[in-house]
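Subject: Structure for you to look at

Hi,

Here is the structure I promised to send over. Please open it alongside this email, and I will walk you through what turned up.

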Amino acid sequence: VIFDLHPGTIVLLDKGNVHLQSKGVNSLLRKIILLIKDEPKSKEQLVQEIWGYEYDPLRHDTLIYSSINKVRKLL
């Protein structure tokens with residue numbers, strides 16, 4: 001994954017294929033990808049490190065699930 005090879009884009013390298021994605025790339029998704037690129041994170045870690053909140057499942061699970069879904073669609 002390469003961010004901003006061309007401003008506002010993400011380049012995905014996969015088994016010799018190169019994919020350029022320019023739609024849907026934003027700072028939130030960038031933060032999530034960079035945070036989870038090396039190892040999985042818990043929901044608590046995501047909320048604290050991305051948004052700076054104390055994790056509350058009733059308030060934050062929907063936020064986490066929708067954000068991760070956007071990351072999946074982007075990649």
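A good place to begin is the pairing of strand β2, residues 10-14, with β3: the two run antiparallel and are joined over five bridges. Within this pairing, L12 stands opposite H19 of β3. Please keep in mind that this is a predicted model.

Zooming out, these strands belong to an open sheet of three, ordered β1-β2-β3 and paired in the antiparallel sense. Its edges are β1 (2-3) and β3 (17-21), each of which has a pairing partner on one side only.

Now to the surface. I2, L5, L13 and V18 come together there as a nonpolar patch, and their accessible area adds up to about 400 Å². One of these residues, L13, is part of strand β2. Is L13 buried or exposed? Its relative accessibility is 53%, and the cut-off for exposed is over 50%, so L13 counts as exposed.

Two loop residues may also catch your eye when you look at the backbone. The loop between β1 and β2 contains D4. D4 is not a glycine, yet its phi is positive, at about 60 degrees. With a relative accessibility of 36%, D4 counts as partly exposed, because that class covers values between under 20% (buried) and over 50% (exposed).

The loop between β2 and β3 has a similar case in K15. K15 is again a residue other than glycine with a positive phi, here near 50 degrees. Its relative accessible area is 81%, so K15 is exposed.

On to the helices. Which residues of helix α2, residues 43-51, are buried? They are L46, V47 and I50. These three span an arc of only 95 degrees around the axis, and therefore sit on the same side of α2. As for what covers them, α1 (27-36) and α3 (57-74) are included. Just past the end of α2 comes G52, whose phi is positive as well, at about 80 degrees.

If you want a quick route through the model, I would start at the β2 and β3 pairing, move to the nonpolar patch with L13, and finish at the buried residues of α2.

Happy to go through any of this with you over coffee.

Best wishes

Notes:
Residues numbered from 1 in each chain as written. Predicted model: local features only at pLDDT ≥ 70, side-chain atom pairs only at ≥ 80, totals over all residues. Heavy atoms only, no water. Pairing = 2+ DSSP bridges. Helix = DSSP H or I, 4+ residues; strand = E, 2+ residues; numbered from the N terminus. Patch = residues over 30% accessible without salt bridge, like charges linked within 9 Å, V, L, I, M, F, W, Y side chains within 5 Å. Areas by Shrake-Rupley, 256 points an atom, 1.4 Å probe, with all protein chains shown as cover. Salt bridge = Lys/Arg side-chain N within 4 Å of Asp/Glu carboxyl O. Buried < 20%, exposed > 50% of the residue type's maximum accessible area, 1.4 Å probe, protein only. Arc of directions from axis to C-beta. Contact = heavy atoms within 4.5 Å.
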